[in-house]
Every structure is written in C-alpha cells, then in structure tokens.
Amino acid sequence: MRFKVLLVDDEPAALEGMQLWINWPELGFDICGTSSNGAEALAKIGELQPDLVVTDVRMPVMDGLEMIEAWQKQNAGQVSFAIVSGYSEFQYAQKALRFGITRYLLKPIDEEMAAEEIGAIYEELLEERGRQRINRIATYEEAVSLLKALLIQPPSLPQDAKRIAEVSRLQAAWNVCLIHPKSSSSAEVRELASAYAEEREAMYLIDLDFGNLALVYGFDPDQDGPDGLARIGDLESRCRKLGAFAAVGEGAAGLQGIAEVYRQAQTAMMHLFYTNGPAGITVYRDVAALAFHCQYDQTELADQIVGALQLLDKAGLEEGLSKAEDNFRGHYLTPDIVRKFVIHLSYLMVEHMEEIPDKAAELQSKYDIPGNATAVCTLRELMDLIRSFGTECIDLLLEDKTLRSQGIVQNINTYIREHFREPLTIKRLAEVFYLHPVYLGQLLQKKNGIHFNEMIHNFRIEEAVKLLRDRDLNNGEVAERVGYANYGQFLKQFEKRLQMSPNEYRNRN
C-alpha cells in the first residue's frame, strides 16, 4: 500500500531535498503536492487529502504548528503530521507534542535517519488504516443490523433510535431499492451490489430471504430526483444485465419512515410479476394506482391441466397452462394466489405418480416448486417452472408405462407360446390379462411388430415343421396337433410361410 504525502517548506532547496528522500520507492510514499507556507498548505490538505504532511515549523503567513492547530480544530479528516525544523528549541517540540505530533526531524536532514523515521511513520499509517477499516466495517455492519430491524418495526431501545437518527442525518431523504436476482446470478449480483454500497456514503446493503437484497440509500431530492434514482441508476443497469429485477418506494424524509418505504418497494416489486423480464426500476409512484384482484375460481383450470397429465397428453398440458397464464394476466390476479395455485397444482400432479414414488420424490426435490414459486419474480417464469415440472411428470409416467408394458408383453408372449395349440383369441387373451382387447391388440402389434393372429400362425407352422420331420403323423394329424381344426386353413398358412405344401416339405426332408 502507498500513501500520499504533502511537503511544506518556504525554502525551495529544502523542498527539493525532501522530495529526493521521500521519493525513495521503498518508503511507500507518493508526493501529491508542495506548499511554501502553512496557509497555502491548509487549503491543499483539504483539496489533495494527503495521508501525511511533512512540514517545516518557521514559515511566513502561517507557521507549521499554527497550520496543524488550525487543521485539527476543523476536524476535517484524519491526517498525520511530521515536523522538520532547524530549530531544536524545547518549546517547539513541546507544542508539537500537545498536537499529538511525535515525529520531529532536525535540519540538516540525515537521509538514513529520515528514511528510518519515515519508515516508522509508514508502519503507523498502515496500522491506522487497518484500524479505520475495522471501525468502518463494524460501524457499517451495526447500521445494517439496525436498518434490517427497522424495515420491520421501530427501534425498541433508546440507543438504537439514537444511532438511527445519526445515520438518518447523513442525507436529506432515504429510499429502499429491492433487488431480486435470478438464482443463477445471485452471488454475482450480491457482490456487485455490495461493492457499490461500500464505495458510497449513506448506502447499506441488507440480505433478505431467497437471495433477495434491499439497498437502503440516502439521497438529495434536488440533485438525485424525488426517489433518488440518480444514486442507483448505474447499479440497476448492471444488475439488469444479470437478469435481476429492481423496485423502489417513494422515499421518506428520514429513516423513521423507512418501514413504509420498504412496503412500497415490495408492492412495486409485486407488479413486476406481470412483466416478461427486467426492464428498469419499477417505482412505487408509477404503480400505486393499480389494483390486484383476489377472487378467481381456478378449479376448471386445474381439472383441465391434471386431466391432460392423466392422459399423458403434453399438448393438452401446454394448452391448459397457456390458458391459465392468459386468465391470470387478464384478471390481474394477486401473485400470491397464482403461486399458491401452482404449488397446489404440483401436488395434484405428484398424486398421479403414486406407482413410482421414488421418481416422484426425486422430481419434487429437483424442482422444489414451493420454494422456487416464492423465489421467481414473473408469471412467465412461474408458468415455465410448472410447465417443465408437468412435462417431466408425463415423461416419467410414459417411461414407467413403457417398462410395465414391456413386462406385460413378455408375459403375454410366453402365454401365447404355451397355449397357441388351443383356440386362442385376442378376446380370451384380454380376459386372462385384464386388458381391453383393442388396447391389447395395439400393444402386441407395437411391441412385437406383427399382429396377434400372425403370431399364432407362426408358432403353429413352426411346430408343424418339427412334426412333419418325424413322419409319425399324417398331414391331417399334424394340422390338428398344432391347433388347426380346418386342414385347408393349415395348408394355406403352411404354403404362405414355406412356399411349398406339407407333402413337398416331407419329400425334400
């Protein structure tokens, strides 16, 4: 770390000498200016804000000790002083000590001694800077804690009220900016807002639930506008690029009214629900006249959406959710009611996944609809959330149905292979497996690639070929053995599959 130093001496040669040894890089100081008398130096201290002033004692207009006394009376800022003088009279040193000046160098300056002395001053400045930083952080965190409590209720302790009054006097007016970041950029937005607040006076960042933030900031209505937007415009534009939403109240004359301002900002944020994305700061005064509606029967909508899920109909699910979104917008329904509807809808969807409880639990954990429904800012985000949830519900149910149907088809195929010699029909098979005949026929066609009757004939002719090779049975007995009561039907199916008659097959084998 490097510190700024101001050199004060009425002798040009002395100034030049000081510049030579102060400019040593290892000393850790940068010269920010020079002055030839105390009055001029007093003005430059206020202008340049040096960390250290190295000054001669005897100078025209105002000497070094008078300058130090005047600055300390102003109490304008923390500055360290070091005395350089060719006069070693006790009264100078004594007076310097009264001002807290412990660094006193005699002319002519010995460079090694000066370097050692300035090095010690550097270490003192480092320690002081560290103490100041710790004090700033402690003071800031104390103010943040008090303000967070103040957003909800007035201070209960006199010392808290006193401290809040001290903070309130830092600016003429105060406001609250609520910032709702997307979960993916929450940490980045917070870091950005924290750095922004730390760099500015009368600005405090408060952490809220679900990664949301409240920026309590003071402002000058004449310079920053009635809501102080000029003080936070740059921050808001940077946060918006990260997908964050922002809303402010109307502002108050002091922190005593900040709780109401906070509620105004919350109301303004609620109206962002029906926007489609971040689009600048929503100001309470612009939406105060808008009113949400609280009454709406959502039963029919829920039935339509859940019905589509029962039928594993993704198009129907999309149609139902789109209709719901349009109705919510049209009625300008209170966001909390919409969120409760979506949460209830997610529970209804999960109820239809009772046969796959493990998958249902995984899905609930993945989407956390109750938590995320509260965290998202807009209706579009909320509907996209339940849309993805519902679509994945259907995918999991379809996957389960496929797995189950594969198991059923395997059992059915085994049954057919064992009973193909009997007068087996699709109706009889449906009765055995408690399935609808039409559904069963379609299922077998889809999974096996051939119709049920073709399967029966394939099994029968396959068995007939084996029997014909044995030559123990005539053709009619073979036909009857494999399940054909009608020899003509047997002959037709045999020739269809082997392109020859049973007799031709016997003769060739």
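Biologist: How do helix 20 (residues 452–470) and helix 22 (residues 487–498) cross, and at what angle between their axes?

Modeller: Two packed helices are described by the angle between their axes and the distance between the axes. In this predicted model, where local features need pLDDT of at least 70 and side-chain atom pairs count only at pLDDT 80 or more, totals for chains, interfaces and linings use all residues. Residues are numbered from 1 along each chain as its sequence is written, and side-chain values use heavy atoms, with hydrogens and water left out. The axes of helix 20 and helix 22 come within 10 Å and cross at roughly 90°, which makes helix 20 roughly perpendicular to helix 22 (65 to 115 degrees counts as roughly perpendicular; axes are lines fitted to C-alpha atoms over the stretch in contact, with angles from 0 to 180 degrees between N-to-C directions; helices are DSSP runs of H or I, at least four residues, numbered from the N terminus). Contact means heavy atoms within 4.5 Å, and the residues making it include I461 and L468 of helix 20 and F490 and F494 of helix 22.

Biologist: Which side chains meet E69 and D30 in a salt bridge?

Modeller: Side chains of opposite charge can pair when their charged atoms come close. A salt bridge is a side-chain nitrogen of Lys or Arg within 4 Å of a carboxyl oxygen of Asp or Glu, and the whole structure holds 24 of them. E69 pairs with K73 at 3.5 Å, N to O; being four residues apart in helix 3 (residues 64–74), E69 and K73 are separated by about one helical turn. D30 pairs with R2 at 3.1 Å, N to O, a link between parts of the chain 28 residues apart.

Notes
Helix = DSSP H or I, 4+ residues; strand = E, 2+ residues; numbered from the N terminus. Parallel < 35°, antiparallel > 145°, perpendicular 65-115°, else oblique.
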